[in-house]
Amino acid sequence: MKFSGYISCMFLLLYCSLPGKGQQYKAGFARESTEPQAWPFSLTLAGYGAPVEGRFSLDWIKAGQLASGANTFTGADARLMAANGSVLFTASAGSTPPVWQEAGAAAGVKLLAAEGNTWYAVNAAGELLESHSPRRAPKKQKRSAGNTAQLQETAFANKAPWTKKGTVPNATAITVLHSILYAATPAGLQRADTKPSNLSWQPMQAPENIISLAAYNNELYALTADDNIYRCNPAKGSHWLRMARYNGITYDVKLRHIAVAGNTLYGCDAAGNLFRAKHNSDGNMSASALAVAAGRQRVVVVGLDVCGFDHAFATEVKREISKKFHVPPQAVMLNASHTHFAPVAQPYITWHPPCQQPDSSYLYGVVKPAVVRAAGNAIRNLAPSDLYFGRGKTAIGRNRCLSTAPEPYDNDVDVITAVRKDNQEKTVLFLTGCHPVFNASGREGVTLSANYPAVARAALEGNNSISNAVFIQGCAGDINPQDADHTNTGKALAANVTEVMTGSMTPLAGPITFYTDSILFPTRPMTKEAVQAMYESNAKSAGQMVPDRNVRWANMMQHYYNTGTMPANMPVYVQTINIGNWKLVGLSREVVTEYSSGIKALYPGSLVSVAGYCNDVASYLPTSRHMKENTYEGLDSFFWYGQPSQFPINVYETVLDNIRRKNR
């Protein structure tokens with residue numbers, strides 16, 4: 001080779017090694033809210049097995065008074081309706097306080113229910129009455145935005161008179177759903193089809209001591225005398241699930257009636273005070289996505305504010321992203337922040353009933369679409385950018401379970417900065433491992449929140465030089481915050497990230513690659529005899545949190561044995577995304593901190609970050625030390641997660657050896 005050719009090749013090599021040279025990157029960011037909609041009216045918070053009654057998002061807000069002397073009320077469409085035993089009143093839902101107007105006679109009426117333009121009442125004699133309000137306003141009146149409420153009242157005032165439909169003696173509550181009447185009586189809940197001329201009441205399983213009923217969107221709601229609210233979808237059976245309970249904090253009123261109107265749940269107490277339900281939330285839960293492209297290859301990393309999700313959900317989300325935006329599923333990484341203050345988003349089958357299944361309307365109606373939109377918008381927002389890597393340290397966490405030295409804690413804070421070339425806008429992805437678990441007491445304990453990750457994101461985005469921030473949870477399985485105030489933790493972490501960015505950062509250069517691997521650990525279940533013995537010993541202590549959990553776990557195992565469906569293995573998923581000279585390894589499950597330092601040690605001198613809680617949060621991923629010391633992470637947590645067995649004692653070494661051999 002001639003000397004001039006050698007110089008040209010060296011120049012090209014140096015040129016390609018510069019940021020943005022030789023391998024042009026594009027980066028894009030998007031965020032979508034995962035805050036719940038008004039319905040479902042209340043959601044179960046994930047993360048804690050206590051209290052056994054559950055933690056719920058419902059918060060009662062004072063909204064005025066019932067009509068004068070009213071002793072019952074109900075709702076239909078956008079109207080509230082109340083009666084005081086002699087007069088009917090209606091008001092438009094949504095106005096605070098409601099403006100009540102007289103709407104007819106209600107002699108002896110003690111209970112009300114409505115669906116569409118059909119109204120039902122039960123009087124003091126136990127007679128069930130029916131009436132139909134006109135579907136249209138009188139012809140002489142014209143509709144306008146200003147007289148909508150007036151027209152509703154006029155329509156009701158001109159309704160047909162009450163007619164006797166049947167009897168329902170000793171009813172304490174009534175409601176109607178899809179033309180089926182439901183009545184609570186001392187004998188239990190009864191149901192009857194309203195279409196036949198003669199009502200035929202049939203018994204239905206329900207909670208005891210129901211004092212009020214409501215219906216909305218295929219579901220029944222029951223308020224009981226002990227201040228619990230349950231829900232049931234009668235089309236799917238007679239299974240009732242607690243959806244809210246008196247806790248003295250957010251649910252701090254003793255209700256007498258509940259009703260639904262204007263897509264809102266209302267309650268009132270014996271004094272006629274009216275309350276409106278809403279979700280008690282900090283309003284900061286989201287799905288944040290960073291997309292990076294080089295040539296034809298694109299990857300998307302999504303930080304999601306949930307406690308966890310299962311592999312089936314992750315697979316479905318990735319499949320939809322792949323179909324819509326032509327990104328391979330293995331190029332999409334889903335990471336759970338693991339906040340203990342988000343709604344349940346995966347099954348916890350051995351927990352108390354409210355946690356056993358996520359609310360599908362929230363998971364698939366809010367969370368899934370938000371993740372897909374965030375990923376898609378991040379891809380649409382791709383723009384030429386320079387990427388940099390930096391690493392610092394943090395002191396926000398501590399090892400919570402291992403008490404003998406050395407107590408492992410990988411306190412690295414890894415930071416990826418994407419700087420747009422056109423306007424210098426900065427997007428920051430930051431990763432460290434620490435449980436978002438505080439503060440679990442008082443009002444914060446029943447508040448929907450992304451916890452400290454959201455505080456850190458907001459603090460960083462409040463910096464004029466940073467436009468967007470994405471938090472990725474690291475290997476936090478055995479790491480808790482030092483500070484019980486999550487606001488302090490978030491601000492401290494943001495300061496750590498800022499310090500990294502003000503220091504020397506390494507440019508990223510090179511192609512993008514991505515892989516997903518599975519490590520299958522054979523299940524090693526207890527014997528049938530041991531499972532039966534566990535069931536019998538714990539069934540004696542029914543009503544207590546841990547014994548009840550153990551009974552549910554034993555029932556699960558017995559079902560596996562009886563049906564021949566015992567899981568053959570327990571998979572650990574390893575996803576690897578390489579963006580030039582930076583490697584991001586994402587492990588499934590609640591990964592303890594030693595995996596992070598151990599995997600980094602496999603690549604000395606390289607830029608390697610390790611995330612846990614990726615793509616499937618099915619259990620903890622402990623080390624032999626956790627198992628030998630019988631820590632929560634090594635033993636008890638497997639019962640809470642409904643796993644068929646523990647991992648083998650050498651699980652840590654097996655995972656690291658697999659990563660080393662495949663060298664993705």
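**Figure 1. Aromatic pair W553–F639 in the predicted model.** W553 and F639 are both buried. The model is a predicted one. Helix α8 (residues 545–563) carries W553 and helix α11 (residues 632–640) carries F639, so this contact ties together parts that are 86 residues apart in sequence. The two rings form an edge-to-face aromatic pair, with 4.9 Å from centre to centre and 80° between the planes.

**Figure 2. Aromatic pair F313–Y364.** This pair is one of the 19 aromatic pairs found in a search of the whole structure. The ring centres of F313 and Y364 are 5.8 Å apart and the planes stand at 70°; the pair is therefore edge-to-face, because planes over 60 degrees apart fall in that class. F313 belongs to helix α3 (residues 311–325) and Y364 to helix α4 (residues 360–380), and the pair links distant parts of the chain, 51 residues apart. F313 has a relative accessibility of 1% and so counts as buried. Y364, at 36% relative accessibility, counts as partly exposed.

**Figure 3. Aromatic cluster.** One aromatic cluster is formed by Y348, W351, Y620, Y632, W640 and Y641.

**Figure 4. Salt bridges of E320.** In this view E320 is paired with K324 and with K368. The closest N and O atoms of K324 and E320 are 3.2 Å apart. These two residues are 4 residues apart in helix α3, so about one helical turn separates K324 from E320. Between the side chains of K368 and E320 the N to O distance is 3.1 Å. Because K368 lies in helix α4 and E320 in helix α3, the K368–E320 salt bridge ties together parts that are 48 residues apart in sequence. With a relative accessible area of 12%, K368 is buried. E320 counts as partly exposed, its relative accessibility being 22%.

**Figure 5. Salt bridge R625–E629.** The structure holds 25 salt bridges, and one of them joins the side chains of R625 and E629, at 3.4 Å from N to O. R625 has 19% relative accessibility and counts as buried, because the class covers values under 20%. E629 counts as partly exposed at 35% relative accessibility.

**Figure 6. Network of salt bridges.** Salt bridges link R391, K393, D410, D412, D414 and K600 in a network. In general, side chains of opposite charge can pair when their charged atoms come close.

**Figure 7. Patch of negative charge.** On the surface, D282, E444, D483 and D485 gather in a patch of negative charge. D485, one of the members of this patch, is placed in the loop between β30 (479–481) and α6 (486–502). The relative accessibility of D485 is 32%, so D485 counts as partly exposed.

**Figure 8. Nonpolar surface patch.** V52, M545 and V546 make a nonpolar patch of about 190 Å² on the surface. Within this group, M545 is found in helix α8. M545 has a relative accessible area of 31% and is therefore partly exposed. Helix α8 also holds W553, the aromatic residue shown with F639 in the opening view.

**Figure 9. V87 and S68.** V87 is located in strand β5 (residues 87–92). In sequence V87 and S68 are 19 residues apart, and their C-alpha atoms are 9.6 Å apart in space. V87 has a relative accessibility of 18%, so V87 counts as buried.

**Figure 10. The chain as a whole, for orientation.** The chain contains 12 helices and 37 strands. Its C-alpha trace spans about 105 × 70 × 40 Å along the principal axes. Of its 664 residues, 56% count as buried. Among the elements shown in the close-up views are helix α3 with F313, helix α4 with Y364, and strand β5 with V87.

Methods:
Residues numbered from 1 in each chain as written. Heavy atoms only, no water. Patch = residues over 30% accessible without salt bridge, like charges linked within 9 Å, V, L, I, M, F, W, Y side chains within 5 Å. Areas by Shrake-Rupley, 256 points an atom, 1.4 Å probe, with all protein chains shown as cover. Salt bridge = Lys/Arg side-chain N within 4 Å of Asp/Glu carboxyl O. Lys, Arg positive; Asp, Glu negative; His and termini not counted. Charge placed at Lys NZ, Arg CZ, Asp CG, Glu CD. Buried < 20%, exposed > 50% of the residue type's maximum accessible area, 1.4 Å probe, protein only. Phe/Tyr/Trp six-rings, centres within 6.5 Å; stacked < 30°, edge-to-face > 60°.
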